[in-house]
Amino acid sequence: MQLVKRIFTLPLAVSIALSAGVSAEIKNEKFMVPELDQESQHRTASKRIAAWFTRSHYKKIQLNDELSAKVYEKFLSNLDYNKSIFLQQDIERFAKYQYKFDDGIIKGQLEFAFDIYQESVKRRLARYEQAIKLLDKEMDFTKEDNFYFDREDIAWASTEAELDEYWRQKTKYDALNLKLAGKEPEKIKETLTKRYHNAMRRLSQSQSEDAFQLVMNSFARSIEAHTSYLSPRRAERFNMEMNLELEGIGAVLQPVDEFTVIRSLVPGGPADSTEQLKPEDKIIAVAQGEDDYVDIIGWRLDDVVELIKGKKGTEVRLQVVRGDNVAGNSKEVSIVRDKIRLEDRAADSQIFESQIGELGAKVGVISIPSFYNNLSADVKTEIAKLKDQNVEGIIVDLRGNGGGSLTEASLLTGLFIDRGPVVQIRNSVGNISVRGDHDGVTHYDGPLTVLVDRYSASASEIFSAALQDYGRALIVGEQTFGKGTVQEHRPLGRPFDIFDEKLGSVQFTIAKFYRINGGSTQHKGVIPDILLPSAIEPEEWGESQEDNALPWDNIRPVQYANSPAITTKVKMLTERHNSRINAEPEFNYLNDDIAHYRENKEKKYVSLNEKERIAEKDKDKAKELARLNARLVRLGFEKVASLDDDTPEELDDLDPFLEETARITVDLISTDQIAKTLK
């Protein structure tokens, strides 16, 4: 069934006077609200998705009114994430569908959901139309005014005037950001007009598959955090990634409100290799080679991905911002696309070289980007290299490692223990299996430290937890992500389907991981023996923040040989660690940042007063410049006058977390040496 366009336009269809910089093509463009109808393949896909989830999911569910109400709430939340288009009276009108999602999904009859989705498109088009009209009015950035961006916990607006006020604030916020970035009034108007037009164009091109995908993912995420429906387009991309044939920049992206946010970077990939991008950076514009930037704020994620990915060897430029304030702090990052192949992201090792003084012992570092196939063999090689260089201790760096192969997690653990269980797995019917190491060979038995952060997840947590339970390694860093579940991917299509369109696929949870001590890594993750300072509270990031994440629980422990040697040293090692970081400037900076973040994290608005924003920006830049110069002096270099000045490469090697972990490892080595002497 082909998408049909309704022949009506919005009453205000771009009839306002535009600046000279806006093209006639944009000025005359008309936008239609698309007619979104459930198609034949959607009925079949809906029934098959319901069957997979109700029969095979780890979490036993019933498609009833209780679940229907959850799907309804999730669907509305996904449609109007910041409560900026629907009124309370709309929600009351939609309430009659609250208990119809269960029957609609089972029977494949979801026309009412398509109607609500279409209504949201119409409302959003009208609001962007209003925003464009607001650009004709002079904006006063001298008076006290605030944009309340966090609306998750507020009530639905009761009047149109309340929504009008939100969109006035939002448009003014967008304009002030551009003004603070140095753009003149005419250029601001031109840029925002194009941005809002692009958003309207994409809305007018909405397809029935978009509505179906949102309904099915509202259903999936109402069950559990890692359960999802992949549209045919996304299923194809998933298969490309699994077959390791993806060409692009090596970044996992996710939509957050109207922004495209970097969720993670593929270690060793083109984006990661720039050393200029981090998780949670917002991409606000994209350019191909030397072409002009295309503003992508408000774009659909699929469209952003299509714009960023491309052939190996071609250049893409990203304009990115960090943090909540998208004004004046953007930077440009040039990336040459390449093939992203899992086996290219191999483990690597080096002898740690301190930037702040002598360590007192030779420490090796093995960096592991992911648990790829053949990882254990690669690490075995790196261990041999480090032993040939007579290292006295080893750090395994798992920061940012989101997991991978369960088999490799067991094999990697086996390099550091003689033999024994590594992980327990419980399936949906309660059967428990145990995976472990049985070769009776230890490839490294010296002092061992594992460095983790809040992004270390899944297989990283299995490895860290096992070594912690055995007392084999000291775990240092942040509390890990807390993903202790196993997912399975299933295509919905069957050999004799007769649809013109593909059906896509589903991914759903089939099992949970448990430590050998019986505790789950779900939710809690792995709590380090020595915690490094962090702005991220465990309850603010990770599995615990995912809607409908499975709970923590425990099962019977298995028999294993625990050595209490490390645990008896943790108190002393922690005291030495605290003494060092209290005197280390980098950790003092971090503690200041943490205090500032916690002081302001409840702030749900940003000022629309230009002087206030400039003052905040200048204060931040002055603080960063002072820190930069203090670092340069400590490293024996000359101070700089500006943050834009060139700085020595040695600054790029500063890694206070790895530095401190190395010093903790040296403390561990020294206590081992004392113990051997006493023997």
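In this predicted model, the charged end of Arg 317 sits over the ring of Tyr 293, at 4.7 Å from the ring centre. A second contact of this kind involves Lys 524, whose charged end is placed over the ring of Trp 552, 4.0 Å from its centre.

Aromatic rings also pair with one another, and a search of the whole structure finds 22 such pairs. One of them joins Phe 147 and Tyr 173: the ring centres are 4.8 Å apart and the planes meet at 35 degrees, so the pair is tilted, since only planes under 30 degrees apart would count as stacked and only those over 60 as edge-to-face. Phe 147 belongs to strand β3 (residues 146-148) and Tyr 173 to helix α7 (residues 160-180); the pair therefore ties together parts that are 26 residues apart in sequence. Phe 147 is buried, with a relative accessible area of 5%, and Tyr 173 likewise counts as buried, at 7% relative accessibility.

The pair formed by Phe 212 and Tyr 229 has its ring centres 5.4 Å apart and its planes at 80 degrees, so the arrangement is edge-to-face. Here helix α9 (residues 208-223) supplies Phe 212 and strand β4 (residues 228-230) supplies Tyr 229, so this pair ties together parts that are 17 residues apart in sequence. Both Phe 212 and Tyr 229 are buried.

Phe 147 and Tyr 173 also take part in a wider arrangement, in which ring pairs link them with Tyr 128, Tyr 166, Trp 167 and Tyr 196 into a cluster.

Definitions and conventions:
Residues numbered from 1 in each chain as written. Predicted model: local features only at pLDDT ≥ 70, side-chain atom pairs only at ≥ 80, totals over all residues. Heavy atoms only, no water. Phe/Tyr/Trp six-rings, centres within 6.5 Å; stacked < 30°, edge-to-face > 60°. Helix = DSSP H or I, 4+ residues; strand = E, 2+ residues; numbered from the N terminus. Buried < 20%, exposed > 50% of the residue type's maximum accessible area, 1.4 Å probe, protein only. Lys NZ or Arg CZ within 6 Å of the ring centre and 35° of its normal.
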